[in-house]
Amino acid sequence: MKPKKTEMPDKFKKKLNDEQKNIICDHGTESPFTGKWLYNKDKGVYVCAACGNPLFSSDAKYDSGTGWPSFFKVMNKKSVKLKEDNSMFMKRIEIICNKCGGHLGHVFPDGPMPSGERYCINSLALDFKKKK
Ligand code: FE
């Protein structure tokens, strides 16, 4: 079963290039170890590439070894929505931007304590606002 396409307002879609649309609107996954934010260690805030909604603090980023930017918690309650995703013959929890509905990645229960969560996010779905 192919996941349903993201319903997203055109004003957000316009900002995205084709690679980003493939992830954010068509629920794609970037190849591991290719994303531009994977090794970023700067302090700041990761925001949704489509709508700018603040999603993750750099303080919650860690190296999961999986090849995708990984975080152990979200920025705040308004950052994301979680949704069951049964595509690709797997049972996963999809992470969706709470503001624009864009697909960001998946959350897995094998993160570091105390949260025990791993928010596995596509770099292409993120912009980074460096702390000044
Ligand atoms: Fe968004």
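A polar contact here is a pair of N or O atoms within 3.5 Å, where one must be able to donate a hydrogen and the other to accept it. Asn53 offers a case: its side chain reaches the backbone oxygen of Ser79 at 3.0 Å. Keep in mind that this is a predicted model. Below are notes on Asn53, the iron site, the aromatic residues and the sheet around Ile121.

**Asn53 and its surroundings**

- Asn53 sits in the loop that runs between β1 (44–48) and β2 (54–57).
- Is Asn53 buried or exposed? Its relative accessibility is 9%, and buried means under 20%, so Asn53 counts as buried.
- If you skip the neighbours within four places in sequence, Asn53 is in contact with Tyr46, Val47, Cys48, Lys78, Ser79, Cys97, Asn98 and Lys99.
- Two of those contacts, Cys48 and Cys97, turn up again as donors of the iron ion.

**The iron site**

- Four cysteines hold the iron ion through their SG atoms: Cys48, Cys51, Cys97 and Cys100, lying 2.3 Å from it.
- What geometry does the site have? It is tetrahedral, with angles of 99 to 115° among the 4 donor atoms.
- Read along the sequence, the donor residues follow the spacing C-x2-C-x45-C-x2-C.
- Cys51 belongs to the loop between β1 and β2, while Cys100 belongs to the loop between β6 (92–97) and β7 (103–108), so this pair ties together parts that are 49 residues apart in sequence.
- Cys51 comes out at 11% relative accessibility and so counts as buried.
- Cys100, at 3% relative accessibility, counts as buried too.
- Asn53 shares a loop with one of these donors: Asn53 is in the loop between β1 and β2, and Cys51 lies there as well.

**Aromatic residues**

- Searching the whole structure turns up 7 aromatic pairs.
- One of them is Trp37 with Tyr46: the ring centres are 6.3 Å apart and the planes stand at 80°, so the pair is edge-to-face.
- Trp37 and Tyr46 are both buried.
- Tyr46 also pairs with Phe71, again edge-to-face, at 5.2 Å centre to centre with 65° between the planes.
- Why does the Tyr46 and Phe71 pair tie together parts that are 25 residues apart in sequence? Tyr46 is in strand β1 and Phe71 is in strand β4 (residues 70–71), so the pair links those two places.
- Like Tyr46, Phe71 is buried.
- Zooming out, one aromatic cluster is formed by Trp37, Tyr46, Phe56, Phe71, Tyr119 and Phe128.
- Tyr46 therefore has a place in two of the stories here, as a member of the cluster and as a contact of Asn53.

**The sheet and Ile121**

- There is an open sheet of 6 strands, ordered β3-β4-β8-β7-β6-β5, with antiparallel pairing.
- Which strands are at the edges? They are β3 (61–62) and β5 (80–85), each of which pairs on one side only.
- Within the sheet, β4 and β8 pair in the antiparallel sense over 2 bridges.
- Across that pairing, Ser70 stands opposite Cys120 in β8.
- Ile121 is part of strand β8 (residues 118–121).
- With 0% relative accessibility, Ile121 counts as buried.
- The C-alpha atoms of Ile121 and Ser70 are separated by 6.2 Å, although the two residues are 51 residues apart along the chain.
- Beyond its neighbours within four places in sequence, Ile121 is in contact with Glu30, Phe56, Trp68, Pro69, Phe71, Ile95, Leu104 and Leu126.
- Among those contacts, Phe56 and Phe71 are also members of the aromatic cluster.

Terms used: Residues numbered from 1 in each chain as written. Predicted model: local features only at pLDDT ≥ 70, side-chain atom pairs only at ≥ 80, totals over all residues. Heavy atoms only, no water. Helix = DSSP H or I, 4+ residues; strand = E, 2+ residues; numbered from the N terminus. Buried < 20%, exposed > 50% of the residue type's maximum accessible area, 1.4 Å probe, protein only. Contact = heavy atoms within 4.5 Å. Donors = N, O, S within 2.8 Å, 3.2 Å for Na, K, Ca; no water. Tetrahedral: all angles 85-135°; square planar, octahedral: opposite > 155°, others 65-115°. Phe/Tyr/Trp six-rings, centres within 6.5 Å; stacked < 30°, edge-to-face > 60°. Pairing = 2+ DSSP bridges.
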